[in-house]
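Student: Could you show me how to read the features of a protein model, one at a time?
Tutor: Gladly; let us have the structure in front of us.

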Amino acid sequence: MNVAIVGASGAVGQEFLQVLSDTKFPIDTIRLFGSQRSCGRTYSFNGQEIKVELLDSESDFSGIDFAFVSAGASVSREYAEVITRHGAVMIDNSSAFRMDADVPLVVPEVNPEDAFNAPRGIIANPNCTTIQMVVSLKPIDRLSRIRRVHVATYQAASGAGASAMDELVDQHAALSKGESAHVEKFAHQLAYNVIPHIDVFTDNGYTREEMKMHHETKKIMHAPDLEVSATCVRVPVMRAHSEAIWVETERPLTVDEVRSAFATAPGIELIDSPAEKQYPMPLHAAGTDPVFVGRIRQDIANPNGISFWSVSDQIRKGAALNAVQIALYMINNPR
């Protein structure tokens, strides 16, 4: 395979390089693209030094099989035709095309076959919080159709990019010296704080991040009647998102049924021994691939409800890894 990474200098772009190496993705050639600011930088990949090329309207993607794109929605919209015009499959990590009817929104553990229905040559990677959640919803939905989901997310600083991670570190350092914390990437100081505000607020009082979870989950699971309500919160964690999830199903499910379904589901690692203080935490999930689930229990407020806790590294499974898994599925299941 001939592969390109667009947005190679960003946090997710760098993670693409790591994931492609970790998964032993079958690569013949790899090319890196970026903005004027990152053009000319070099990055190591499997012993090679690769220079970042400038992405512009004349960029030549001929011969590229898969282009992994993580440079923001505006860049994706502007250069989609440039990237795909010679037949490359563009797997896009931005929000640009997620809800377009002719662009599949894919999580390989949930709806891998949708990847082959991409008439524009574009496949969308869902929002990181949605990816993590639907991986854990799918095994439950196989037991009994899900009617309703409530979720509260606890999202790490890295969800806002590498500079946001730096800001959190700098805030802690400044405050430890009695100085004021510089605030730029977040609505408020994140150090020693939680912020119930991710992305911009919409007219209905939900943020755009919360509405992404609402709409994307329905599309991925082919469930237009599924109701999803989210509250998304930024927390002073460096990496890996956490989610508290409440699910209502058509029939009552037992904890043992759900635990067994999680234990055998692809992409999930079960950590569920609260008496031994064993449950998923972002401290241990950072830098790993699975969606970890635990704290599984009956919802005492709903006879058809199950509650559980989920943690996953949103830069890996929530971004780069999911995109690479889409490409690997297509390679291993040719049409």
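The dialogue below goes through burial, contacts, salt bridges, backbone angles, a surface patch and a cavity.

Student: What kind of model is this, and how are residues numbered?
Tutor: This is a predicted model, where local features need pLDDT of at least 70 and side-chain atom pairs count only at pLDDT 80 or more, while totals for chains, interfaces and linings use all residues. Residues are numbered from 1 along each chain as its sequence is written, and side-chain values use heavy atoms, with hydrogens and water left out.

Student: Let us begin with burial. Is Ala-156 buried or exposed?
Tutor: Buried means under 20% relative accessible area, exposed means over 50%, and partly exposed is in between, with a 1.4 Å probe and protein chains only. Ala-156 has 0% relative accessibility, so it counts as buried.

Student: Where is Ala-156 found?
Tutor: Helices (H or I, at least four residues) and strands (E, at least two) are DSSP runs, numbered from the N terminus. Ala-156 sits in the loop between β8 (146-155) and α4 (162-176).

Student: Which residues is Ala-156 in contact with, leaving aside neighbours within four places in sequence?
Tutor: Contact means heavy atoms within 4.5 Å. With those neighbours left aside, the contacts of Ala-156 include Arg-234, Val-235, Arg-239, His-241 and Gln-314. For Val-235, the C-alpha atom is 5.6 Å from that of Ala-156, although the two are 79 residues apart in sequence.

Student: May I see two more cases?
Tutor: Take Ser-242 in strand β10 (residues 241-249). Ser-242 is buried because its relative accessibility is 4%. Not counting residues up to four places away in sequence, Ser-242 touches, among others, Gln-132, Tyr-154, Pro-282 and Trp-309.
Tutor: Then there is Met-330, in helix α8 (residues 316-332). Met-330 is buried as well, at 13% relative accessibility. Beyond its neighbours within four places in sequence, Met-330 contacts Phe-66, Ala-115, Phe-116 and Ile-123. The C-alpha atoms of Met-330 and Phe-116 are separated by 7.6 Å, with their positions 214 residues apart along the chain.

Student: On to charges. How many salt bridges does the structure hold?
Tutor: A salt bridge is a side-chain nitrogen of Lys or Arg within 4 Å of a carboxyl oxygen of Asp or Glu. The structure holds 20 salt bridges.

Student: Which parts does the salt bridge of Lys-212 and Asp-199 tie together?
Tutor: The closest N and O atoms of Lys-212 and Asp-199 are 3.5 Å apart. Lys-212 lies in helix α5 (residues 208-220) and Asp-199 in the loop between α4 and α5, so the pair ties together parts that are 13 residues apart in sequence. Lys-212 is buried, with a relative accessible area of 17%, whereas Asp-199 is partly exposed at 24%.

Student: Which other pairs are worth a look?
Tutor: Arg-251 and Glu-257 meet through their side chains in a salt bridge of 2.8 Å, N to O. Arg-251 is partly exposed, at 34% relative accessibility, and Glu-257 is partly exposed, at 26%. The side chains of Arg-85 and Glu-81 form a salt bridge too, at 3.6 Å, N to O. There is also a network of salt bridges that links Glu-15, Asp-22, Arg-239, Asp-289, Asp-313 and Arg-316.

Student: How should I read a positive phi?
Tutor: Most residues other than glycine have a negative phi. Here, Asn-46 has a positive phi near 50°. Asn-46 is in the loop between β3 (42-45) and β4 (48-54) and counts as exposed, at 54% relative accessibility. Arg-295, also not a glycine, has a positive phi of about 50°. Arg-295 lies in strand β12 (residues 291-298) and is partly exposed, with a relative accessible area of 35%.

Student: Which residues line the largest cavity?
Tutor: On a 1 Å grid over the protein atoms alone, a cavity is a set of points where a 1.4 Å probe fits but cannot get out, and lining residues have an atom within 4 Å of a point. A volume is the space filled by probe spheres set on the points, which are joined across faces, edges and corners. The search of the whole structure finds 1 cavity of 30 Å³ or more. The largest cavity holds about 30 Å³ of space, and its lining is Asp-141, Arg-145, Ile-146, Met-221, Ala-223 and Leu-226.

How values were computed
On a 1 Å grid over the protein atoms alone, a cavity is a set of points where a 1.4 Å probe fits but cannot get out, and a pocket is an open set with protein on both sides within 12 Å along at least five of seven lines; lining residues have an atom within 4 Å of a point.
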